[in-house]
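Let's take a friendly walk through a small set of side chains and the strands that carry them. Have the sequence and the 3D view open as you read.

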Amino acid sequence: MSDVWQPVAGTRFYSRNGEGLYERLTDKLFLRIDEVDETDEREVCTRFAEAFEARTPVKLVA
């Protein structure tokens, strides 16, 4: 699923898929500026970890 970035009327901010409040830093980089709950925090950390692992696979050492 791709994200849909929608401008918030009357502001310079955007929402992602109708949720959250983000400021656009570059064409592909948005900074979330509203408060997040624990579920959102875990989602961000999980997505970052998955993206990082996809770029540099982790070797398990015994």
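What follows goes from the sheet to its aromatic rings, and then to two arginines.

Please keep in mind that this is a predicted model. A good place to start is the sheet: four strands form an open, antiparallel arrangement in the order 1-2-3-4. Strand 1 and strand 4 are the edge strands, each pairing on one side only. From one strand to the next, the twist averages 45 degrees. If you zoom in on strand 1 and strand 2, you will find three bridges joining them in the antiparallel sense. Pro7 has its bridge partner in strand 2, and that partner is Tyr14.

Now for the rings. How many aromatic pairs are there? The count comes to three. Take Trp5 and Tyr22: their ring centres are 5.0 Å apart and their planes meet at 85 degrees, and since an angle over 60 counts as edge-to-face, that is the label for this pair. Trp5 belongs to strand 1 (residues 5-7) and Tyr22 to strand 3 (residues 19-24), so their pairing ties together parts that are 17 residues apart in sequence. The two partners also differ in how they meet the surface: Trp5 is partly exposed because its relative accessibility is 28%, whereas Tyr22, with a relative accessible area of 7%, is buried.

Tyr14, which we met as the bridge partner of Pro7, has a ring partner as well. Tyr14 and Phe30 make an edge-to-face pair, with 5.5 Å from centre to centre and 75 degrees between the planes. Here Tyr14 comes from strand 2 (residues 13-16) and Phe30 from strand 4 (residues 30-32), so this pair links parts that are 16 residues apart in sequence. Both Tyr14 and Phe30 are buried. Put the four rings together and you have one aromatic cluster, made up of Trp5, Tyr14, Tyr22 and Phe30.

Finally, the arginines. Which ring does Arg24 lie over? Arg24 is placed over the face of Tyr14, at 5.4 Å from the ring centre. Arg16, for its part, is found in strand 2. Is Arg16 buried or exposed? Its relative accessible area is 18%, and because buried means under 20%, Arg16 counts as buried. Leaving aside neighbours within four places in sequence, the contacts of Arg16 include two members of the aromatic cluster, Trp5 and Tyr22. Arg16 is also in contact with Asp3, Val4, Glu43 and Arg47.

Key:
Residues are numbered from 1 along each chain as its sequence is written. This is a predicted model: local features need pLDDT of at least 70, side-chain atom pairs count only at pLDDT 80 or more; totals for chains, interfaces and linings use all residues. Side-chain values use heavy atoms; hydrogens and water are left out. Rings of Phe, Tyr and Trp (its six-membered ring) pair if their centres lie within 6.5 Å; planes under 30 degrees apart count as stacked, over 60 as edge-to-face and the rest as tilted. Helices (H or I, at least four residues) and strands (E, at least two) are DSSP runs, numbered from the N terminus. Buried means under 20% relative accessible area, exposed over 50%, partly exposed in between (1.4 Å probe, protein chains only). A charge sits over a ring if NZ of Lys or CZ of Arg is within 6 Å of the ring centre and within 35 degrees of the ring normal. Two strands pair if DSSP finds at least two bridges between them. Axes are lines fitted to C-alpha atoms, for helices over the stretch in contact, and angles run from 0 to 180 degrees between N-to-C directions. Contact means heavy atoms within 4.5 Å.
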